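Student: I am new to this structure and would like to go through it with you. Could we begin with the ligand and then turn to the rest of the chain?

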Amino acid sequence: MEQSARPHGRADPAAIGSDFSEALIAGLSAPQKSIPSRFLYDAAGSALFEKITTLPEYYPTRTETDILRYQAEEIAAIVPAGAVLVEFGSGSSTKTELLLERMDKLHAYVPIDISSAALRDAKARIAERFPELLVMPIEADFAQPIVMPPEFSARPLFGFFPGSTIGNSRPIDAVALLASMRRTLGPDAHLIIGADLKKNVRRLLAAYDDADGVTAAFNLNLLARANRELGANFKLDQFKHSATYDMRNGRIDMHLVSLREQWVDVGGHRFHFDAGEQIHTEHSHKYEIEGFHTLVSEAGWRPQVVWTDAERLFSVHVLIADV
Ligand code: AVJ
């Protein structure tokens, strides 16, 4: 029923880029300051994230890509002829190509992303490489309910949600998100999803605080973005990046730490920072395979297969909608 409010395939476009101001002011007004992590991905932030994925310390992208490459044949064998592949937060659609190469009986590919530029580039590249494939992008926030084009309703739908993006949500929100994807994809759906695994803490911390400072720049870009888009006056050298591991909740937390007592103006509001005060900017949850299975079960998905790499750094799961 959540799906009936919007015309098919569209989230409210006004709710997409323009809510940064509102979210930032609300987040900085709370006693524990925070900025939602989805605002990390403007053009500059997306470019920095692409750079992160190539860093020696940042193992998730490389490891997941290897797993997908290695299992592509088996994944393709699960996907029936005439199916539709639906990717949530498709970005550059790089990993998708590994699957599309093997899925020669696929009817259509539906990339969903909030960036129209990313969708345009991905569509052009994929349409050229796979001329038989129908590519139908949807510009939307995958956290909102999405309505599939009705012409696909009779076809088997395969969701694809790589990158351990699910880790950005707290478990309770992750369950809601996975349940919403299940409704979007309908009965008989599958979902291929990547989840980062718990591991040595030093290795985790290095992945979120690399030696070249790319992750620091990625995090600080939130403040630079506020200056660019909202005329805020954050002094970027008065804040520093921090990444910590919360053992109890099994997650990395990113913060921006105020290096001194200071005031900052954002869209007509003044915010006070104590020396050492933190703005929370991202959760990145790490799972054990069993714990992840429990989580997806609560969202109405049944685990069908799980693959990991030899070091057990990362997991890729195939889930089936449990009706
Ligand atoms: C894109 C959400 C998977 O949590 O590892 C990378 C984002 N943050 N470095 C992650 C991120 C800091 C990334 N995800």
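Student: Which side chain has an N or O atom 2.7 Å from a nitrogen atom of the ligand?

Tutor: That side chain belongs to E282. Please keep in mind that this is a predicted model.

Student: What about S284, how far is its side chain from an oxygen atom of the ligand?

Tutor: An N or O atom in the side chain of S284 is 2.7 Å from an oxygen atom of the ligand. The protein covers 96% of the accessible area of 350 Å² that the ligand has on its own.

Student: Which elements give two or more residues to the shell around the ligand?

Tutor: They are helix α8 (214-230) and β11 (278-285).

Student: And which residues surround the ligand?

Tutor: The ligand is surrounded by Y41, F49, Y58, G163, S164, N168, Y208, T215, F218, M254, E282 and S284. Among them, Y208 has a polar side-chain atom 2.5 Å from an oxygen atom of the ligand.

Student: How many of the shell residues are nonpolar, polar and charged?

Tutor: The shell has 6 nonpolar, 5 polar and 1 charged residues.

Student: Moving on to domains, which ones does the assignment give?

Tutor: It gives domain 1, made of 2-37 + 211-285, and domain 2, made of 59-199 + 287-321. Their centres, taken over C-alpha atoms, are separated by 27 Å.

Student: Where does the ligand lie with respect to them?

Tutor: The ligand lies between domain 1 and domain 2, because both give residues to the shell around it.

Student: What does UniProt place at residues 21-319?

Tutor: An unreviewed UniProt entry places the feature "domain: Histidine-specific methyltransferase SAM-dependent" there. That span is 36% helix and 25% strand, and its end C-alpha atoms lie 37 Å apart.

Student: One last topic: how many aromatic pairs are there?

Tutor: The count comes to 12 aromatic pairs. One of them is Y41 with F218, an edge-to-face pair at 5.6 Å centre to centre, with 65 degrees between the planes.

Student: Which parts does the pair of Y41 and F218 tie together?

Tutor: Y41 lies in the loop between α1 (20-29) and α2 (43-52) and F218 lies in helix α8, so the pair ties together parts that are 177 residues apart in sequence.

Definitions and conventions. Residues numbered from 1 in each chain as written. Predicted model: local features only at pLDDT ≥ 70, side-chain atom pairs only at ≥ 80, totals over all residues. Heavy atoms only, no water. Near = heavy atom within 4 Å. Polar contact = N/O pair within 3.5 Å; in protein donor to acceptor, adjacent residues only side chain to side chain. Areas by Shrake-Rupley, 256 points an atom, 1.4 Å probe, with all protein chains shown as cover. Helix = DSSP H or I, 4+ residues; strand = E, 2+ residues; numbered from the N terminus. Nonpolar A, V, L, I, M, F, W, Y, C, P; charged D, E, K, R; others polar. Domains from an automatic or database assignment. UniProt positions renumbered as here; feature names shortened; annotations may be inferred. Phe/Tyr/Trp six-rings, centres within 6.5 Å; stacked < 30°, edge-to-face > 60°.
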